[in-house]
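Got the viewer open and a selection box ready? Follow along, and we'll hop from one selection to the next.

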Amino acid sequence: MRVAIAGAGAVGRSIAAELVGGDHQVMLIEREAKQFEPHTVEQAEWVLADACELASLEDAGIQLCDCVIAATGDDKVNLVVSLLAKTVFAVKRVVARVNDPSNEWLFTSAWGVDVAVSTPRVLAAMVEEAVSVGGLVQLLTLRQGQANLVEMTLPHDTPWAGRAVREIKLPRDAALVTILRGGRVIVPQPDDSLEGGDELLFVASADVEGEIRKALGH
C-alpha cells in the first residue's frame, strides 16, 4: 500500500516508521525545514512542501496513494489536507489526527475524513477497557459514526463459558469479529466455545449496543 503522511513531527514519523516496518510505501510531506529530517525514517520518501497547496500535492503524486494520513499538530491543516485528498485527488482512505477534542465534530465526511483519531478519546477508551469487565466499551468510531468497534470482556464466572458462538443472538446491525484469549487472536466460528475472560470485539451501529449487552446477559 502507498501511504502519504502530512506532517513529519513526532507523530508523523512514528506512523511512518510503523508502516515502513509493515512493507508499505510511505511518503512524508513536511513544510517546515527544521522538521525535514530524512535520516529519521530513511526508508520513506520525503517531500519538502506545503500539504495544503494543491500544486504541491499533485507534484508529490498524492493521486497515486491508497491512503492519506493528515497527522500535523494543527487541526485546520489536517482538515484542509483531508478535503483536498478526498475531493480533488479521490484518495480511497483518509485518516485525520484530531488535536483538540472540541474540534472532533468537524472531522466528518463533509471534510473528506474517513477515520478521525482523537488521542484523548483513544486513551480514555483504553483506560476504560483495562478496568471494565462485563461492560461494553467503545474503542473506535468507524465511518463517521455509522458504526463503532466495541469490546466486552466476559467475567470469569460468566454463564456463557462453554457455550458456542452461534448461540449469541446478536441484533441485525452487529457482528462478533474477534475473540482475544490470552495471547491468541481468534476469528470466531459458529461452533467455537466461549470462555470466562474472553475479550469480544464487535462492530456495531451505536443504536444496537444495548442489545449486545442484553444478548450476553448484561
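Start by selecting α3 and showing its side chains: in this predicted model, the buried residues of this helix are Asp75, Val77, Asn78, Leu79, Val81, Ser82, Leu84 and Ala85. What do they pack against? Colour β1, α2, β4 and β5, and you have the partners of that buried set. For the helix itself, put a distance between the first and last C-alpha of α3: 14 residues reach 19 Å, close to the 20 Å expected at 1.5 Å a residue.

Now look at the two ends. At the N-terminal end, Asp74 acts as the cap, with a side-chain oxygen 2.8 Å from the backbone nitrogen of Lys76. After the helix comes Ala90, and its phi is positive, near 55 degrees.

Next, widen the view to the largest nonpolar core, which has 25 residues. Select Met27, Ile29, Leu57, Ile62, Val68 and Val81 to see the ones with the most contacts inside it. Which elements give two or more residues to this core? They are β1, β2, α2 (54-60), β4, α3 (75-88) and β5 (93-98). The helix you started on, α3, supplies the largest share, five residues.

Pick Met27 out of that group and show what surrounds it. Setting aside residues up to four places away in sequence, Met27 touches Arg2, Val3, Ala4, Ile5, Glu45, Val47, Ala60 and Cys65. There is also a second, separate core of 18 residues; Met152, Ala204, Val208 and Ile212 are among its members. We'll get back to Met152 at a later stop.

Move on to α1, residues 10-21. Its 12 residues reach 17 Å from first C-alpha to last, close to the 16 Å expected at 1.5 Å a residue. Select Gly12, Ala16, Leu19 and Val20, the buried residues of this helix. Turn the view to look down the axis of α1: the buried residues fall within an arc of 100 degrees, so they line one face of the helix. The general background is that an α-helix has 3.6 residues a turn, so residues three or four places apart point the same way.

On the face of α1 turned away from the buried side, find the exposed residues Ala10, Glu18 and Gly21. Flip back to the buried side, where the packing partners are β1 (2-6), β2 (25-30) and β4 (67-70). Following α1 is Asp23, with a positive phi near 65 degrees.

Time for the cysteines. How many disulfides are there? The count comes to zero. Select Cys65 and Cys67: the sulfur of Cys65 is 8.6 Å from the one in Cys67, its closest cysteine sulfur, and that is too far for a bond. Cys65 counts as buried at 6% relative accessibility, while Cys52 is partly exposed, with a relative accessible area of 24%.

From there, go to Ala49, in the loop between β3 (45-48) and α2. Is Ala49 buried or exposed? It is buried, with a relative accessible area of 16%. Add Arg31 to the selection: the two residues are 18 apart along the chain, yet their C-alpha atoms are separated by 4.6 Å. Leaving out residues up to four places away in sequence, Ala49 touches Ile29, Glu30, Arg31 and Ser56.

Now jump to the loop between β10 and β11, where Pro188 is found. Pro188 counts as buried at 15% relative accessibility. Its C-alpha is separated by 7.2 Å from that of Val165, 23 residues away along the chain. Beyond its neighbours within four places in sequence, Pro188 is in contact with Val165, Leu176, Val177, Thr178 and Ile179.

Stay in that loop and select Asp198, which sits between β10 (184-186) and β11 (199-204). Asp198 counts as buried at 0% relative accessibility. What does its side chain reach at 2.8 Å? Look for the backbone nitrogen of Glu195. Asp198 also touches Met152, Thr153, Leu154, Ile179, Leu180 and Arg181, not counting residues up to four places away in sequence. Here Met152 turns up again, one of the residues of the second core.

To finish, zoom out to the whole chain. Its secondary structure comes to five helices and 11 strands, and buried residues make up 44% of the 218 residues. Of the contacts with a separation of 6 or more, residues 24 or more positions apart account for 53%.

Note on methods: Residues are numbered from 1 along each chain as its sequence is written. This is a predicted model: local features need pLDDT of at least 70, side-chain atom pairs count only at pLDDT 80 or more; totals for chains, interfaces and linings use all residues. Side-chain values use heavy atoms; hydrogens and water are left out. Helices (H or I, at least four residues) and strands (E, at least two) are DSSP runs, numbered from the N terminus. The expected span of a helix is 1.5 Å times one less than its number of residues. Buried means under 20% relative accessible area, exposed over 50%, partly exposed in between (1.4 Å probe, protein chains only). The arc is that of the directions from the helix axis to the C-beta atoms. Contact means heavy atoms within 4.5 Å. A disulfide is a pair of cysteine sulfur atoms within 2.5 Å. A polar contact is a pair of N or O atoms within 3.5 Å; within protein, one must be able to donate a hydrogen and the other to accept it, and residues adjacent in sequence count only if both atoms are side-chain atoms. A nonpolar core is a set of buried Ala, Val, Leu, Ile, Met, Phe, Trp, Tyr and Cys residues joined through side-chain atoms within 4.5 Å.
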